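Subject: Structure handover

Hello,

Here is the structure I said I would pass on. Please open it next to the notes that follow.

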Amino acid sequence: MKKNFSKGRGSALALTAALIFATTTFTSCNGATAKNKKAEEEVETLFAVNVQKMTPGNLDDYLEFGGDVESSSSVSVYPDMAGKISSIQINVGDMVSRDQVLAYVDASRPGMSYSASPVKAPISGRVTSFSPSVGTMVSQSVGIAQIAKTDELEIKISIAERFVSRIANGQSAVARFDAYPGVDFTAKVVEVSPVLDTTTRTMTAKLKLDPVDPRIKVGMYAKIRLVTESKQNAIVVPSTAIVTREGKPYVFIVSQQKTDKEPARVKLTAITQGITVDNKTEISQGISAGDLLIVKGQALLNDGSGVNILNVAE
């Protein structure tokens with residue numbers, strides 16, 4: 001009987017020891033888990049971003065138009081007498097000088113004979129058209145040829161009324177032609193009409209290529225990009241870099257460079273915007289040359305956020 005009591009007491013002691021070990025182990029595990037969780041919470045989230053170093057640049061605002069290439073001086077040629085074309089002295093495309101004979105007209109009639117009457121060029125230039133052929137009847141009221149000064153070309157454009165205030169003499173432009181894709185030709189506004197067409201409500205303006213280019217021909221269609229406002233040495237940023245907070249425009253710039261102990265950090269900066277052209281915006285206040293602007297990855301940032309800079313562009 002005594003032996004059985006000792007055996008039961010030993011079992012109870014063993015069970016108690018096991019419970020104490022299990023409790024200690026469980027408490028230790030819970031403590032380690034809590035410590036690890038706290039450490040994980042202390043790890044800061046870094047946002048991957050691309051930045052651009054700000055440098056002064058130029059930004060041109062512009063309007064686009066279509067226009068026709070014309071000769072700055074073009075005249076029609078009329079014969080002095082009615083009759084038949086007896087001979088033609090030139091071909092279309094020839095350069096002629098003033099008073100050069102282009103053709104002869106025979107005014108003779110049955111029973112009446114006349115000397116051939118010469119048709120002379122009223123100006124020097126290039127023959128751009130000559131409609132009659134030998135034997136064709138002509139009269140003094142119908143032009144038979146066209147002469148133009150093709151070395152002095154101009155581009156005529158029509159400007160809608162809402163853009164009239166933005167057009168002035170001397171403005172620069174870029175002209176493009178389907179015949180020469182990807183090639184830019186420089187031009188300038190040389191004449192602006194003082195009145196508008198009451199039917200179309202448009203104003204006519206003329207531009208000249210500067211310098212003159214022999215590749216451009218009368219009758220070509222030009223696509224004109226007319227510069228109406230130019231900002232020199234301005235801070236220009238991608239429009240997508242601008243974020244709106246509480247209805248106001250801001251950008252993020254790098255305020256602290258990365259160190260061994262601290263990540264790079266950003267600053268939410270208020271800006272004043274200027275003109276916007278082709279997804280590029282002029283910043284008149286808020287950014288200076290040399291600042292590192294966040295241009296990609298800024299949507300989730302807040303003031304003071306830590307960032308991981310992936311790329312720096314000029």
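I start with a residue in a loop. R201 is partly exposed, with a relative accessible area of 47%. Its place is the loop that runs between β13 (185-197) and β14. The phi angle of R201 is near 55°, which is a positive value in a residue other than glycine. Please keep in mind that this is a predicted model, and that each value below was computed from it.

Backbone

A second residue belongs with R201 under this heading. E246 is not a glycine either, yet its phi is positive, at about 55°. This residue sits in the loop between β16 (243-245) and β17 (248-256). E246 counts as exposed because its relative accessible area is 81%, and the cut-off for that class is over 50%. R201, at 47%, is partly exposed.

There is also a peptide bond to look at. The bond from D210 to P211 is cis, with omega near 5°. P211 is found in the loop between β14 (202-209) and β15. Why list these three places at all? They are listed because most residues other than glycine have a negative phi, and most peptide bonds are trans.

The largest pocket

The largest pocket has a volume of about 160 Å³. Its lining is made up of E64, F65, V174, R176, D184, K223, I224 and R225. Three elements give two or more residues each to this lining: β2 (56-71), β12 (172-177) and β15 (221-238). Which of the elements gives the largest share of the lining? That is β15, with three residues. By residue class, the lining holds five charged residues and three nonpolar ones, with no polar residue.

Salt bridges

Side chains of opposite charge can pair when their charged atoms come close. The structure holds eleven salt bridges, and I describe some of them here.

One of them joins two residues from the pocket lining, E64 and R225. The closest N and O atoms of this pair are 3.4 Å apart. E64 lies in strand β2 and R225 in strand β15, so the salt bridge ties together parts that are 161 residues apart in sequence. E64 is exposed, at 53% relative accessibility, while R225 is partly exposed, at 36%.

Another salt bridge is formed by the side chains of E229 and K231, at 3.5 Å from N to O. Both partners fall in the partly exposed class: E229 has a relative accessible area of 32%, and K231 is at 26%.

A further salt bridge links R265 to E262, with the closest N and O atoms 3.1 Å apart. Are these two residues buried or exposed, or in between? R265 counts as buried because its relative accessibility is 17%, and buried means under 20%. E262 is partly exposed, with a relative accessible area of 36%. This pair also belongs to a network of salt bridges, in which E44, E262 and R265 are linked.

A four-stranded sheet

There is an open sheet of four strands in the order β7-β6-β4-β9, and the pairing is antiparallel. Its edge strands are β7 (117-120) and β9 (137-138), each of which pairs on one side only. β9 pairs with strand β4 (residues 83-88) over two bridges, in the antiparallel sense. If you want a place to look at this pairing, K84 stands opposite M137 in β9.

At the other edge, S117 lies in strand β7. Is S117 buried or exposed? It counts as buried because its relative accessibility is 8%, and the limit for buried is under 20%. Leaving aside residues up to four places away in sequence, S117 touches D80, M81, A103, Y104 and V105.

If you want a short route through the model, begin at the E64 to R225 salt bridge, as both residues line the largest pocket. Then go to the cis bond between D210 and P211, and after that to S117 in the edge strand β7.

Regards

Definitions and conventions:
Residues are numbered from 1 along each chain as its sequence is written. This is a predicted model: local features need pLDDT of at least 70, side-chain atom pairs count only at pLDDT 80 or more; totals for chains, interfaces and linings use all residues. Side-chain values use heavy atoms; hydrogens and water are left out. On a 1 Å grid over the protein atoms alone, a cavity is a set of points where a 1.4 Å probe fits but cannot get out, and a pocket is an open set with protein on both sides within 12 Å along at least five of seven lines; lining residues have an atom within 4 Å of a point. Grid points are joined across faces, edges and corners, and a volume is the space filled by probe spheres set on the points. Ala, Val, Leu, Ile, Met, Phe, Trp, Tyr, Cys and Pro count as nonpolar, Asp, Glu, Lys and Arg as charged, and the others, Gly among them, as polar. Two strands pair if DSSP finds at least two bridges between them. Buried means under 20% relative accessible area, exposed over 50%, partly exposed in between (1.4 Å probe, protein chains only). Contact means heavy atoms within 4.5 Å. A salt bridge is a side-chain nitrogen of Lys or Arg within 4 Å of a carboxyl oxygen of Asp or Glu.
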